[in-house]
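Got the structure open in your viewer? Let's take a walk through it, one selection at a time.

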Amino acid sequence: MTAESSREYDVIVIGAGAVGENVADRVVRGGLSAVIVENELVGGECSYWACIPSKALLRPGNVLHAAQVIPGASEAVTGVVDAEAALKHRDWFTNNWEDSSQVEWLDSAGIDLIRGRGRITGPREVQVDGLDGNSYALKAHHAVVVATGSTPTIPGIAGLEDVPFWTTRGATAAKEVPKRLVVLGGGVAGVEMAQAFARLGSDVAVVARGRLLSSYPEEAANLVLAGLRADGIDVRVHTDVEKVEKNDDGSVTVTLDGGTLQADQLLVASGRHPSLANLGLESVGVEAPNGKPLKLTTDASGLVEGPASDGTSGLWLYAAGDAAGKVLLTHQGKYEARATGDAIVARANGKLKGTPQPWSPWAHTANDHAVPSVVFTDPEVASVGLSLEQALLQGKNVTGVELPINVSGSQLHSPDYKGWAQMVVDEDRKVILGATFVGPGVAELLHSATIAIVGEVPLDRLWHAVPSYPTISEIWLRLLEKYGLYNLFELTSQFG
């Protein structure tokens, strides 16, 4: 028998992924009450189907390959990756897709949980169809936060709807390694999963409509392409898929504009979009214009702009993380969540009125200047801020400094180390606007670049940040030298 329960909280958060958890935690720390509504696992996509399991699948192959290229270690490493053991290790990281530990954390943090599907029914009102068969009418005193993440974008390929295929969820939760895997998509998820399964034992092909990793510099993409092909992956770039069809034996034929591929498993990795369907946003005036996909517009604190409300000018509806549609990265979503939660508390206490100032505790300012991202392939790609191409398209007065990564630290890392680095300098202010590193182990270089950009560290001061020897971070010194920092010092001494 269905029962209805009415409950009131200061803040209602729809979605219990990393973003929703962080929003709720911040508002509770600020003295407000909060409830999270979730219809799947507490912890969300990153914990169970994205960041964590995908990296757990990549790690064994990367470690083995690193050992295979080092004299002394290579002689000791004679086997291949144990796929069964790797999958079990992945299962351990995901807690076998069981969320009791996450639920315990919510309880310890003083955050209520209602399992079910939530939809907005009016200003500050959320109706939940509980998984327990009950209905819950929730009322928020201050805010409702949409933290529902994102969902895969499925391309309109002929025959695809009739063929069983993986999205990234299927790949990261795989129970066995397919003999032949075809990956549709050359973005981050596509290349990561292609290399993971190739090193686990699959015969892998990747099909990309354009080049690989189109949002990264081409030099970076080319090194990743070489790494994939070195692993025996058949990479088809600038290639369209005309149709897919299931064969009588259960395999799949992928017809391209230049040949065919056979697969025992198909992975569609063609991007993601905010998960905003069936949330009732239209009930408060948030609708897609002219039949286009619904997209939320928020201020720097995550406050959704434009919803009809009860005279509060929309000062109750927020979005954070992938649902907000700005930067679809877990770490950036958690950053947004912290600022959004603190902004809700500040507005509730009368400490924040209007739009927050840039770089204040309540603003997502880094989204516009310094978004770090890593592609965990071998070689890795680590990037933050603007590439040279992006900066020039924005009309900025910039100089690009590029070098192969060839320092003592990289040579010690691998005798055949291949890497590349780019630094983008704002010539008007003499600060760094962006940096990209490609090569094994470069992800750990990224935070130094992020700090330099966020802190707007002048180049003449950055010169005094001495990299340890012998580490790969010595590339920083080489980039500054190539930029001509000695000349900069001479000009400063002579004219200023």
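Start by selecting Val207 and Arg236: Arg236, in β9, is the bridge partner of Val207. Keep in mind as you look around that this is a predicted model.

Now widen the selection to residues 203-207, which make up strand β8, and add β9. The two strands run parallel and are joined by 3 bridges. If bridges are new to you, here's the basic idea: strands of a sheet pair through backbone hydrogen bonds, either parallel or antiparallel.

**The parallel sheet**

What else belongs to this sheet? Show β9, β8, β7 and β13, in that order, and you have an open sheet of 4 strands with parallel pairing. Look at the edges next: β9 (234-236) and β13 (265-268) each pair on one side only. Ignoring direction, neighbouring strands here are turned by 15 degrees against each other on average.

**A helix across the sheet**

Keep the sheet on screen and add residues 188-200, which form helix α7. You'll find α7 lying across β7 (180-184), β8 and β13, and running at about 165 degrees to β8.

Next, add residues 51-68 to bring in helix α3, which packs with α7. How do you describe a pair like this? Two packed helices are described by the angle between their axes and the distance between the axes. For α3 and α7, the angle is about 55 degrees and the axes are 9 Å apart. The two helices are therefore oblique to each other, and the crossing is left-handed.

Zoom in on the side chains where they meet. On the α3 side, pick Ser54, Lys55, Leu57, Leu58, Gly61, Asn62 and His65. On the α7 side, pick Glu192, Met193, Gln195, Ala196, Arg199 and Leu200. Try colouring this contact by class: you should get 5 nonpolar, 5 polar and 3 charged residues.

**Another helix pair**

Clear your selection and pick residues 18-29 for helix α1, plus residues 100-109 for helix α5. Their axes come within 10 Å and cross at roughly 20 degrees. That makes α1 roughly parallel to α5, because angles under 35 degrees count as roughly parallel. This crossing is left-handed.

Which residues touch? From α1, select Glu21, Asp25 and Val28; from α5, select Gln102, Trp105, Leu106 and Ala109. Sorted by class, this contact has 4 nonpolar, 1 polar and 2 charged residues.

**The antiparallel sheet**

Time for a second sheet. Select β16, β17, β20, β19 and β18, in that order: these 5 strands form an open sheet with antiparallel pairing. At its edges stand β16 (373-375) and β18 (398-404), each with a single partner strand, so one side of each is left without a neighbour in the sheet. On average, and with direction ignored, neighbouring strands are turned by 10 degrees against each other.

Now zoom in on β18 together with β19 (residues 420-426), an antiparallel pair held over 7 bridges. To see one of the bridge pairs, click on Pro404 and then on its partner in β19, Trp420.

**Zoom out**

Finish by showing the whole protein. How many helices and strands are there? The protein has 15 helices and 20 strands. Its C-alpha atoms fill a box of roughly 75 × 70 × 45 Å along the principal axes. With 496 residues, a compact globule would have a radius of gyration near 23 Å, and the protein's 25 Å agrees with that.

Methods. Residues numbered from 1 in each chain as written. Predicted model: local features only at pLDDT ≥ 70, side-chain atom pairs only at ≥ 80, totals over all residues. Heavy atoms only, no water. Axes fitted to C-alpha atoms, helices over the stretch in contact; angles between N-to-C directions. Parallel < 35°, antiparallel > 145°, perpendicular 65-115°, else oblique. Left-handed = near helix turned anticlockwise from the far one by under 90°. Contact = heavy atoms within 4.5 Å. Nonpolar A, V, L, I, M, F, W, Y, C, P; charged D, E, K, R; others polar. Pairing = 2+ DSSP bridges. Rg over C-alpha atoms; globule rule 2.2 N^0.38 Å.
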